[in-house]
Amino acid sequence: MFDEIMEKFEGSPSQQAVIRLLLERGFSVNDEGRVVSGGIEIPNTGIAREIGVDRRVVDSTTDVILEDPELRRIFQNISQVPSLMDLAPVLDLTVLTITPDDAEQEGIVAEVTGTLADNGISIRQTISEDPEFTDEPRLYLITDEELPGEVITELRDLAFVRKIELQ
């Protein structure tokens, strides 16, 4: 799906940058072509500044979104999920990031969460990036406690794990 969306903007890397930001942040586009998070409007100048494009690129991208029925359906229904990842250091939480070899493989979330549960590790939040919308999808797990070395080793030894990061 991500590739199909990006193909619609293949002639404009600047518009692709706008699309990527909207998807990454979970920003919607309302009927007036304004970028919103819930009911709060995000100024196009702020979006443009964030990704280093002109404000008119954001305007033209939202125009294309509203003109295309498939894009309109996607971008009028996308929403943001609050994340504990940025708060982890403040709340003394641990963030475990797993990058799989193949994010479309079945059972990744079940196997990782099962491994943590088997070791008595409580999970506060799990966020899984969709392989359809991200080039290198990751699985994020936020826990109340630091992970013991043997648990990290057990996770690292799972067949699908390419990379593990802790913060």
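Among contacts in the chain between residues at least 6 apart in sequence, 65% join residues at least 24 apart, and this is a predicted model, which is worth keeping in mind at each stop of the tour.

Start with the whole chain in view. Its secondary structure comes to eight helices and seven strands, and along the principal axes the C-alpha trace spans about 50 × 35 × 25 Å. If you colour by burial, 39% of the 167 residues count as buried; if you switch to the accessible surface, about 9500 Å² is exposed, with carbon and sulfur atoms supplying 44% of it. Colouring by charge brings up 14 positive and 35 negative charges, whose mean positions are 8 Å apart.

Next, select strand S4, residues 94–100. Seven of its seven residues are buried, so S4 is largely enclosed by the rest of the structure. Viewed along the strand, Thr-94, Leu-96, Ile-98 and Pro-100 point one way, while Val-95, Thr-97 and Thr-99 point the other way, and all are buried.

Now add the two strands that pair with S4. With S6 (139–143), S4 pairs in the antiparallel sense over five bridges, and here you can pick out Leu-139 as the bridge partner of Ile-98. With S7, residues 161–166, S4 likewise pairs in the antiparallel sense over five bridges, and the residue to select in S7 is Glu-165, the bridge partner of Thr-97.

From there, move to helix H7, residues 108–118, and select its buried residues, Ile-108, Val-112, Thr-115 and Leu-116. They cover an arc of only 95° around the axis, which puts them on the same side of H7. Turning to the other side of H7, you will find Ala-110, Ala-117 and Asp-118 exposed. The buried residues pack against strands S4, S5 (123–128) and S6, and against helix H8 (149–156), so that this view leads back to the strand you have just left. Before moving on, select Gly-120, just after H7, which takes a positive phi of about 70°.

Finish at Val-64, which lies in helix H4, residues 55–67. Val-64 is partly exposed, with a relative accessible area of 27%. Leaving aside residues up to four places away in sequence, Val-64 touches Phe-9, Gln-15 and Leu-71, and these three can be shown together with it as sticks. As a last step, draw a C-alpha to C-alpha distance from Val-64 to Gly-33: the two residues are 31 apart in sequence and 9.4 Å apart in space.

Key. Residues numbered from 1 in each chain as written. Predicted model: local features only at pLDDT ≥ 70, side-chain atom pairs only at ≥ 80, totals over all residues. Heavy atoms only, no water. Helix = DSSP H or I, 4+ residues; strand = E, 2+ residues; numbered from the N terminus. Buried < 20%, exposed > 50% of the residue type's maximum accessible area, 1.4 Å probe, protein only. Contact = heavy atoms within 4.5 Å. Areas by Shrake-Rupley, 256 points an atom, 1.4 Å probe, with all protein chains shown as cover. Lys, Arg positive; Asp, Glu negative; His and termini not counted. Charge placed at Lys NZ, Arg CZ, Asp CG, Glu CD. Arc of directions from axis to C-beta. Pairing = 2+ DSSP bridges.
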